[in-house]
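Here's a friendly walk through a protein model, one piece at a time. Keep the picture open while you read.

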Amino acid sequence: MLFSLRKTSPLMGACLATVLALATGSAQARTLDTAHGEVEVDGQPSRVVTLYEGALDAALAAGVTPLAAVATRGGQGVAGYLSDRVPDIAMVGTSRELNLEAIAAQNPDLILASPYLSDEQYALVSQLAPTVVPESEGFTPNGWKNEARLYGEALGHAEEVEEAIEAVETRAADLAERLDSQGTTTSLVRWMPQGPLVMSTELFSTGLLEATGFDVTDADLVKEGRPHSDPLSLENLGEVDTDLLFMATLNEDGREALDAARQSPAFSRLEVAKRDQVIPVDGQLWTSASGPLAAQAVLDDIETALSSDER
Amino acid sequence: MIASAERRRLAGQGLTLAGLLLLACLASLLWGAGDVGAERALAVLAGHGDEEARFVVGTLRGSRTLVGLAVGMALGVAGALLQAVSRNPLAEPGLLGVSAGAAFAVAIALLLGTSAATLRVGVAQLGALLGCLCVLGVARFRGLGNDPVRLVLAGAAFTGLLSALTTLLLLFDQRAADEIRFWVVGSLSGRRLEDLLAVLPSLAVAAAITLVIARPLAALALGERLAAGLGHHPGRVRLLVILVVALLVGGATAIAGPIAFVGLVVPFAARALAGPDIRRSLWLCLLLGPLMVIIADVISRRLVAPSELPLGVLTALCGAPVLIAVVRRRRLPML
């Protein structure tokens with residue numbers, strides 16, 4: 001225990017400390033290290049509002065059903081992979097445009113917000129309830145874990161979140177062994193008629209691809225700290241001609257988006273397209289969501305993709 | 001004697017521009033954002049060359065050069081016609097509500113579930129025509145006969161309204177917003193020859209009408225009464241011109257998205273070279289339009305390789321300073 005404490009980040013250490021504290025039965029008041037300084041939380045909050053998809057995901061993984069959340073990118077409600085779990089959840093705007101009155105109307109006792117919440121918005125939101133904002137780590141494939149741990153700790157369910165994260169890590173390692181994905185090159189792109197956006201290798205979903213053994217590439221097209229590249233010229237489409245190509249779509253029907261891409265002669269002459277190794281995936285999940293449940297859903301997609309076609 | 005010297009000068013200009021355009025097309029085939037450089041591209045043009053280069057030059061660069069030619073011609077001619085008929089050297093085809101109408105139609109189509117990739121050009125062209133008809137309706141046919149300014153003002157107001165509605169639609173649907181933000185800047189990349197073929201009929205109709213109305217339009221420049229005295233019908237001519245402009249800009253917008261400033265700057269340059277007679281400047285616009293579009297497109301590919309800059313951004317960046325310089329330098333000519 002001591003050994004692992006020394007090796008991991010201070011945040012993780014704090015989490016473990018909380019877990020230990022829980023075990024000894026004195027879990028009541030705790031102080032969280034957030035991007036806006038220390039925040040005091042007491043007990044297990046029950047009226048929770050999440051202003052970030054990753055926070056909603058972590059809360060559900062912790063066994064807490066928030067009262068309200070923000071809409072997913074490009075949608076009216078929460079992301080498709082979560083909609084069955086929270087059929088009646090209230091909407092309080094989008095992550096870019098929060099509806100403060102709707103948040104206040106929920107009378108929350110805890111607000112879980114995105115690391116990208118602006119200072120101005122924090123000043124407003126934090127008047128309604130203790131607001132937990134994780135320190136922004138920029139785009140890192142594993143940043144979601146520390147975020148989820150902080151949310152779990154705030155909810156008083158650090159243990160459940162930790163277990164959920166471990167489950168993801170175990171399953172990814174297991175898939176890496178089972179799927180024979182070692183050395184398989186892959187990219188995640190979003191198709192545009194004038195050329196695809198190549199997604200960064202530092203994202204949540206590309207990080208999971210990496211964790212399952214893939215050799216993920218962005219062909220050096222994504223600038224530091226950006227989620228994706230500029231639209232790649234069709235002349236350079238060969239850069240993403242990997243063994244397996246994941247194509248994120250914002251439509252519900254990924255098949256349709258793939259057909260659209262096939263209309264482009266530059267796309268259909270790619271080796272990966274000829275071999276039919278282009279996998280359409282849900283863009284809400286793959287390019288917008290994060291958290292332990294999203295990770296399981298992404299791993300589901302990877303598993304289905306690799307076991308459905310005998311490669 | 002003077003007339004023949006004038007004609008020779010014009011022919012010289014035309015030949016020079018045609019030569020430049022040919023060079024621009026060649027450049028468009030030779031350089032792109034990819035690995036296929038001038039050497040490999042030349043090998044393809046000479047009849048050999050590797051498979052990759054043949055695809056890039058023949059399919060990708062070839063079709064975008066053809067699309068650039070069509071779009072440039074359409075926008076240049078549309079600009080010249082609109083400026084002549086509104087007698088306003090600052091009139092831009094976008095002012096007729098054409099671009100805004102097309103963007104609005106595309107936004108609705110995206111909301112209804114099509115994706116930008118499968119979007120038929122017909123949607124944009126229909127929107128362009130409807131937008132233009134609405135502007136005509138707002139300005140009312142009666143007003144057209146005697147007050148072109150009214151038309152331009154109505155167009156500007158209507159464009160504002162349509163843009164606001166488009167923005168409103170996109171606020172409701174971020175997926176559409178994501179897709180359309182690449183459409184509204186305009187680009188020649190990824191456009192297929194089928195798209196071009198789909199709008200060719202309307203461009204051909206527009207060209208035919210233009211040939212008929214060029215002479216009455218030139219007479220109109222002499223003044224309403226004089227034109228009527230020469231046996232033309234000013235009101236009818238204006239209406240036809242508007243229709244032609246809608247067809248041309250609608251077609252161009254449908255393939256390439258809205259491309260700013262070409263319709264404004266090209267007629268300016270043509271008049272500077274050929275004088276105010278629309279019958280002469282139109283021919284030059286036919287060459288200058290594609291020249292500007294294709295050169296801008298080649299630059300847009302090279303500036304941020306391996307990505308590409310949207311063409312609409314580049315034409316706006318080049319066009320705006322030219323416009324400001326012209327406006328500041330001298331009193332605007334009356335048309």
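## A leucine on the outside

Let's start in chain B with Leu197(B), which counts as exposed because it has 10 C-beta neighbours inside 10 Å. Here's how that label works: a residue is buried if 20 or more other C-beta atoms lie within 10 Å of its own, exposed if 12 or fewer, and partly exposed in between, with the C-beta atoms placed from the backbone. You'll find Leu197(B) in helix α9 (residues 193-220) of chain B. Gln83(B) is 114 residues away along the chain, and the C-alpha atoms of the two are separated by 28 Å.

A quick word on the ground rules: this is a predicted model, where local features need pLDDT of at least 70 and side-chain atom pairs count only at pLDDT 80 or more, while totals for chains, interfaces and linings use all residues. Residues are numbered from 1 along each chain as its sequence is written, chains are lettered from A, and ligands are numbered from 1 in the order in which they are written.

## Chain A as a whole

Chain A has 13 helices and 12 strands. Those are DSSP runs numbered from the N terminus: H or I with at least four residues for a helix, E with at least two for a strand. Of its 311 residues, 49% count as buried.

Now take the contacts in chain A with a separation of 6 or more: 65% of them come from residues 24 or more positions apart. Two residues are in contact if their C-beta atoms, placed from the backbone, lie within 7 Å.

## Two domains and where they touch

The domain assignment splits chain A into domain 1 (2-156) and domain 2 (176-308); such bounds come from an automatic or database assignment. Where they meet, 21 residues from domain 1 of chain A and 21 residues from domain 2 of chain A take part in the contact.

On the domain 1 side, the elements giving two or more residues are α3 (53-61) and α6 of chain A. The top contributor there is α3(A), with six residues.

## Two helices, each followed by a glycine

Helix α6 of chain A (residues 143-155) has 13 residues, and 13 of the 13 are buried. From first C-alpha to last it reaches 19 Å, close to the 18 Å expected at 1.5 Å a residue (that is, 1.5 Å times one less than the number of residues). Just after it, Gly156(A) takes a positive phi of about 80°.

Over in chain B, the 23 residues of helix α11 (residues 234-256) should span 33 Å, and the end C-alpha atoms are indeed 33 Å apart. With 17 of the 23 residues buried, α11(B) is largely enclosed by the rest of the structure. Just after α11(B) comes Gly257(B), with a positive phi of about 80°.

## A covered strand

How many residues of strand β12 (residues 278-282) of chain A are buried? Five of the five, so β12(A) is largely enclosed by the rest of the structure. One side has Val278(A), Pro280(A) and Asp282(A), and the other has Ile279(A) and Val281(A).

β12(A) pairs with strand β11 (residues 244-249) of chain A in the parallel sense over five bridges; strands pair if DSSP finds at least two bridges between them. Within this pairing, Met247(A) has Pro280(A) as its bridge partner.

## Two loop residues

Asn107(A) isn't a glycine, yet its phi is positive, near 50°. It sits in the loop between α4 (100-105) and β6 (110-112) of chain A.

Asp220(A) also has a positive phi without being glycine, near 60°. Its loop runs between β10 (215-216) and β11 of chain A, and Asp220(A) is exposed, with 11 other C-beta atoms within 10 Å.
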